Structures are given as structure tokens and as C-alpha cells.
Amino acid sequence: MDTLIKTLRANKPETKPSEANARAAELDPAEFLAAAVRADRPRPSRAEAEAAVYTLLNYIGEDPTREGLVDTPRRVVEAYDELYQGYHQCPAEVLDRTFGETAGYDDFVLIRDIEFTSQCEHHMMPFYGKAHIAYTPVERVVGLSKLARLTDIFARRLQTQEHLTAQIAAAIDEVLKPRGVAVMIEAEHTCMSVRGVAKHGAVTFTSRFTGMFRDNPAEQSRFLSMVRSPQR
Ligand SMILES: [Zn+2]
């Protein structure tokens, strides 16, 4: 994977070679083209989920019966329903509707600064930042808001930043079959800024290039310079 992870302002750059080597072809299309909820896996009831939160409140030393906490298990489960709604949404459906009238447009389309919040799969703590997505259409283009919706679907699941980056690129590749896709994500991980090494402001960058972006370094650097060009 064309991942460059630069952890800025941290003492040591972090690299994860095993994840960095993952390629789109190795992603199971079922994992990024369908809703992620599996019918064959029994789902606990809402009451059971709330009971689990009650247990956690006890575990941290709280009294879950005190007034301020009585409704907390319900609120937490409701928040989970929202934060993890991506498991019930189908990425391919979002990209379903394409438009053929491109008037001979033959350059890439870049959508920059797509804000997202996701949850890291190691700590279930938020990481948030911006995604930048470019693709070079072949005949068909997709509505611009759809790439933001696609980002949200994958972000509203437990993720690693590397996996999120690869899934977005793979879904666009698979559904739109463009000449190439470039995805760059920059994010701050709260599991690193408020716990662990507790470094605020460290930004992790991941990127993924397919097709013409992977094969043509000039296109890669054009993408990167447009992503980095100053805000208007
Ligand atoms: Zn984490």
C-alpha cells in the first residue's frame, strides 16, 4: 500500500509495514461493498447492550444508580447507534447513481477537505480529520456529495486509518472503474492525544494510489500539491 505515515511532532515516526503492504486486491469486496452486518451473527438486544454499559460504569468505580447516571446506558447505546451506523449502510449503493455526461472531461476530479470522525478499532476512541479523494473518470462520474457519503459510511465503523484509506479507494475502484484513484487522509487520534503517549496535535497521514495515480508519479505529485495548496 502506498501508505506514508508521518507522525508530525511526535518523537518517532510510526510505520506499520504489515498494514502498509496491504493491496486493494487483498481486500474482500464483501467487506466494502455490502452493509457490514452479518445476518448469521446473532445481535445482542438493546437491553443487553445497556447492561454492558452499566457494568463498565461499575468497573470504573461509579455508582450507576445515582441520578446523573441513570439514563447514561441508554444514551451511550443511542450514541453507538449513530457512531456505528456505517455497519448497516452499503457503500456500493451510494456510488450507484452515475452520470454519463462528462463533455469529454479527461482530468481527475478532486474533492478536498472532507471532514470525518471515525473510531479506532484498538481503543474505540475517536480519530478525526480530513479525507482528500481524487479519481479520473472513464465516461461516468458520480455526484460530488457521494464521495463524502462514502467516507462517512466507512468512518462510521471501527477502523484503522490505513484500512479506512484503502477501503475508500477500493470501493471507488470497484464500482466506478476509473482510470485511477488517489486517497489521502490526515487525522488526529484521541487514543494517542488523550491517553498513551498523550501527544496533542500529532497528525497521521495515510495515502493510497491506484491505476494511473499509482503508475504515474507526476499525477501523484499533482494530486498532493493540490491537496496541500493553501486554503482559500
Ligand atoms: Zn487507538
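The exercises below, each with a worked solution, concern a predicted model and its zinc site, strands, aromatic rings and helices.

In this predicted model, local features need pLDDT of at least 70 and side-chain atom pairs count only at pLDDT 80 or more, while totals for chains, interfaces and linings use all residues. Residues are numbered from 1 along each chain as its sequence is written, and side-chain values use heavy atoms, with hydrogens and water left out.

**Exercise 1. The zinc site**

Find which residues coordinate the zinc ion, and describe where the two cysteines lie.

*Solution.* Begin with the donors, which are N, O and S atoms within 2.8 Å of the metal (3.2 Å for Na, K and Ca); water is not among the atoms, so sites may look incomplete. The zinc ion is coordinated by C120 through SG, H123 through ND1 and C191 through SG, at 2.2 to 2.3 Å. Along the chain, these donors follow the spacing C-x2-H-x67-C. The pair of cysteines links distant parts of the chain, with C120 in strand β2 (residues 109-120) and C191 in helix α8 (residues 190-193), 71 residues apart. Here helices (H or I, at least four residues) and strands (E, at least two) are DSSP runs, numbered from the N terminus.

Next, consider accessibility, where buried means under 20% relative accessible area, exposed over 50%, and partly exposed in between (1.4 Å probe, protein chains only). C120 counts as buried because its relative accessibility is 5%, and C191 counts as buried because its value is 12%.

Then list the contacts, meaning heavy atoms within 4.5 Å. Not counting residues up to four places away in sequence, C120 touches M125, F127, L158, Q159 and C191, whereas C191, under that exclusion, touches C120, H123, M125, P126 and G196.

Finally, compare with the record: an unreviewed UniProt entry places the feature "binding site" at C120, H123 and C191. Although these positions are spread over 72 residues of sequence, they cluster in space, the largest C-alpha distance being 7.9 Å. UniProt positions are given in the numbering used here, feature names are shortened, and annotations may be inferred rather than shown by experiment.

**Exercise 2. The partners of strand β2**

Work out which strands are joined to β2, and in which sense, parallel or antiparallel, each of them runs.

*Solution.* Two strands pair if DSSP finds at least two bridges between them. With β3, strand β2 pairs in the antiparallel sense over 9 bridges, and the bridge partner of I114 in β3 is A131. The hairpin of β2 and β3 has 5 residues between the strands, and in this hairpin M124 takes a positive phi near 55 degrees. With strand β5 (residues 158-159), β2 is joined by 2 bridges and runs parallel; the bridge partner of Q119 in β5 is L158.

**Exercise 3. Aromatic pairs**

Determine how many aromatic pairs there are, and classify the pair of F116 and F127.

*Solution.* Rings of Phe, Tyr and Trp (its six-membered ring) pair if their centres lie within 6.5 Å; planes under 30 degrees apart count as stacked, over 60 as edge-to-face and the rest as tilted. By this rule the count comes to 6 aromatic pairs. The rings of F116 and F127 have centres 6.0 Å apart and planes at 75 degrees, so this pair is edge-to-face. The pair links distant parts of the chain, since F116 is in strand β2 and F127 in strand β3 (residues 126-136), 11 residues apart. F116 is buried, with a relative accessible area of 4%, and F127 is buried as well, at 0%.

F209 and F223 also form an edge-to-face pair, 6.0 Å centre to centre and with 90 degrees between the planes. This pair joins F209 in strand β7 (residues 204-209) to F223 in helix α10 (residues 217-228), 14 residues apart. Ring pairs link F108, F209, F213 and F223 into a cluster.

**Exercise 4. Helix α6**

Check the length of helix α6 (residues 144-155), and name its buried residues.

*Solution.* The expected span of a helix is 1.5 Å times one less than its number of residues. The 12 residues of α6 should therefore span 16 Å, and the end C-alpha atoms are 18 Å apart, which agrees. The buried residues of α6 are L147, L150, T151, I153, F154 and A155.
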